[in-house]
Amino acid sequence: MNDESGIRRGRKYQQVLAGARDVFMADGFEGASVDTIAKRAGVSKATLYSYFADKRLLFMEVATCECGKQAAAAFDDLDMDAPPAEALRFAGTHLLGFLLSEFGQKVFRICVAETDRFPELGARFWESGPGLVERTLCRYFSRAKARGELAIDDHCLAAHQFAELCKAELFPRLVFGMQTEFTEAERARVIDGAVEMFLARYATR
């Protein structure tokens, strides 16, 4: 039985999703064919269409599931009781790691390229990725503010400010094809700078 989005979650749902993930990551949305996806997933086209009514729905499900999985894996382990410097360094390291990963880059590029045609694609990507980061950091800021460690009035703005600080230098270099590999020292330099600047603005002591 299909849910309200037109997706059926049955016995071969994960199998179809795994095959689609491989093909979309290799060929992009436009280049991925339903025939290739079905072959990679080891199912017939009829079976694939019984789970997903069209390629757009299938891609949105792949992007949403994978982004949510990776974001949750990182932020589920965020210690809400840790001091700000420790918590922010943990969150920033995982955020930058995702942004610089091959998967993170491919999904970002595909979503940006296809958002004009499929506005809901960008919304789904936002909710499962940047939106999840925002919500998690806002919860942490509320706890840290209650402990008297941070003085933040607009938690959502602060969450996005920190995320942008974590993207400094390295993310633009990757987006524009200037650099594809980054050392631990390069990553640490950006995250340390982000944490220091953020705390200079919002820390109470």
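Arg 189 and Glu 169 form a salt bridge in this predicted model, with their closest N and O atoms 2.8 Å apart. The pair links distant parts of the chain, since Arg 189 belongs to helix H11 and Glu 169 to the loop between helix H9 (155-166) and helix H10 (170-175), 20 residues apart. Arg 189 counts as exposed at 55% relative accessibility, whereas Glu 169, at 39%, counts as partly exposed.

**Other salt bridges**

- The structure holds nine salt bridges.
- One of them joins the side chains of Arg 89 and Asp 192, at an N to O distance of 3.0 Å. Arg 89 lies in helix H5 (residues 84-100) and Asp 192 in helix H11 (residues 184-202), so this pair ties together parts of the chain that are 103 residues apart in sequence.
- Arg 89 counts as partly exposed, with a relative accessibility of 33%. Asp 192 is partly exposed as well, with a relative accessible area of 29%.
- The side chains of Asp 54 and Arg 56 also meet in a salt bridge, at 3.6 Å from N to O. Asp 54 is partly exposed at 27% relative accessibility, and Arg 56 is partly exposed at 22%.
- Salt bridges further link Asp 81, Arg 143, Arg 147 and Glu 149 in a network.

**Overall architecture**

- The protein chain has eleven helices and zero strands.
- Along its principal axes, the C-alpha trace spans about 60 × 40 × 30 Å.
- Of the 205 residues in the protein chain, 44% count as buried.
- The accessible surface comes to about 10600 Å², and carbon and sulfur atoms account for 55% of this area.
- Among contacts between residues at least 6 apart in sequence, 69% join residues at least 24 apart.

**Helix H8**

- The 17 residues of helix H8 should span 24 Å at 1.5 Å a residue, and the end C-alpha atoms are 24 Å apart, which agrees.
- Many positions along H8 are listed as buried, among them Gly 131, Leu 132, Val 133, Leu 137, Tyr 140, Phe 141 and Ala 144.
- An α-helix has 3.6 residues a turn, so residues three or four places apart point the same way.
- Just after H8, Gly 148 takes a positive phi of about 80 degrees.

**A buried charge in H8**

- Glu 134 lies in helix H8, which covers residues 130-146.
- Although buried, Glu 134 has no salt bridge. The nearest side chain of opposite charge is that of Arg 135, 6.1 Å away. A salt bridge requires a distance within 4 Å, so this separation is beyond the cut-off.
- Leaving aside residues up to four places away in sequence, Glu 134 touches Trp 126, Cys 156, Ala 159 and His 160.

**Cysteines**

- A search of the whole structure finds zero disulfides.
- Cys 138 is in no disulfide, and the nearest cysteine sulfur, that of Cys 156, is 3.7 Å away. The cut-off for a disulfide is within 2.5 Å, so the two sulfur atoms do not qualify.
- Cys 138 is buried, with a relative accessible area of 13%, whereas Cys 65 is partly exposed, at 26%.

How values were computed:
Residues are numbered from 1 along each chain as its sequence is written. This is a predicted model: local features need pLDDT of at least 70, side-chain atom pairs count only at pLDDT 80 or more; totals for chains, interfaces and linings use all residues. Side-chain values use heavy atoms; hydrogens and water are left out. Helices (H or I, at least four residues) and strands (E, at least two) are DSSP runs, numbered from the N terminus. Buried means under 20% relative accessible area, exposed over 50%, partly exposed in between (1.4 Å probe, protein chains only). Lys and Arg count as positive and Asp and Glu as negative; His and the chain ends are not counted. Contact means heavy atoms within 4.5 Å. The expected span of a helix is 1.5 Å times one less than its number of residues. Accessible areas come from the Shrake-Rupley method with a 1.4 Å probe; for residues, only the protein chains shown count as cover.
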